[in-house]
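Work through the exercises below with the sequence and the model in view. Try each task before reading its solution.

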Amino acid sequence: MTVQDAMTLIDRWVQRTGRAAVLAALVLITALLSLGILMRALPGLTISGYDEVVELLMAWLTFLGAALLWGEGTLYRVEVLTGRLRGRLAVAGELAVRLLMLLFALVFTVEGYRVAVLSGESFPFLQFSKSFAYASMPVAGLLMIVYTAAGIVGTLLAFRAPHSEPPQR
């Protein structure tokens, strides 16, 4: 097994596991919000703390989902300039975009970590720190960094090839 094969297997596992987690969070959020609506209609029915669980799940759904889309190259991207470039210029443009993406991912990870660590907030009903919800930011940021670094390596390899075009996302 080559290093590239191993990386592909890891990527597939991360994507499958992440998608399952995002889907599970979405289903749970939908169920909890539906129960919340039902509770308003039936005053005798009460479920305490469901809104805190929704908040926690929403954080992980949002940031993990964004990181997974980032990794597969389907997160929103404007290609007005890079789409018009050809050959080595297109590869150079792609490299510039990926370096900017890496800068964003680094800042997002560091600042997300600071928020997660410095947060003194807690969920009143669940009685644990909101740092667990905020941890979704640096975790997603780390995934973004890894995916971006892999993209930079692929772009650099394409730049070395004669008559190069940027790698497909």
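## Exercise 1: Elements and overall form

Task: state how many helices and strands the protein has, and in what order they run.

Solution. The protein contains five helices and two strands. This is a predicted model. Read from the N terminus, the order of the elements is α-α-α-β-β-α-α. Next, take the radius of gyration, which is 20 Å; the globule rule gives 15 Å for 169 residues, so the protein is more spread out than a compact globule. The box filled by the C-alpha atoms, taken along the principal axes, is roughly 70 × 40 × 30 Å. Of the 169 residues, 34% count as buried.

## Exercise 2: The length of helix α2

Task: compare the expected span of helix α2 with the distance between its end C-alpha atoms.

Solution. Step one: helix α2 covers residues 50-72, which is 23 residues. Step two: the expected span is 1.5 Å times one less than the number of residues, and this comes to 33 Å. Step three: the end C-alpha atoms of α2 are 32 Å apart, which agrees with the expected span. After the helix comes Gly-73, with a positive phi near 80°.

## Exercise 3: What α2 packs against

Task: name some buried residues of α2 and find which elements they pack against.

Solution. A residue is buried when its relative accessible area is under 20%. Among the residues of α2 that meet this are Tyr-50, Leu-57, Leu-64, Gly-65 and Trp-70. The buried residues of α2 pack against helices α1 (3-41), α3 (87-118), α4 (131-134) and α5, and against strands β1 and β2.

## Exercise 4: Two residues

Task: decide whether Gly-141 is buried or exposed, and do likewise for Gln-127.

Solution. Start with Gly-141, which lies in helix α5 (residues 136-160). Its relative accessible area is 0%, so Gly-141 is buried. Apart from neighbours within four places in sequence, Gly-141 is in contact with Ala-105, Phe-108 and Thr-109. The C-alpha atom of Gly-141 is separated by 25 Å from that of Ala-158, 17 residues apart along the chain.

Now take Gln-127, in the loop between β1 (122-123) and β2 (128-129). Its relative accessible area is 67%, so Gln-127 is exposed. Gln-127 has a positive phi of about 60°, although it is not a glycine.

## Exercise 5: Contacts and surface

Task: give the share of contacts that join residues at least 24 apart, among those between residues at least 6 apart in sequence, and describe the accessible surface.

Solution. The share is 73%. The accessible surface is about 10,800 Å², and 71% of this belongs to carbon and sulfur atoms.

Note on methods. Residues numbered from 1 in each chain as written. Predicted model: local features only at pLDDT ≥ 70, side-chain atom pairs only at ≥ 80, totals over all residues. Heavy atoms only, no water. Helix = DSSP H or I, 4+ residues; strand = E, 2+ residues; numbered from the N terminus. Rg over C-alpha atoms; globule rule 2.2 N^0.38 Å. Buried < 20%, exposed > 50% of the residue type's maximum accessible area, 1.4 Å probe, protein only. Contact = heavy atoms within 4.5 Å. Areas by Shrake-Rupley, 256 points an atom, 1.4 Å probe, with all protein chains shown as cover.
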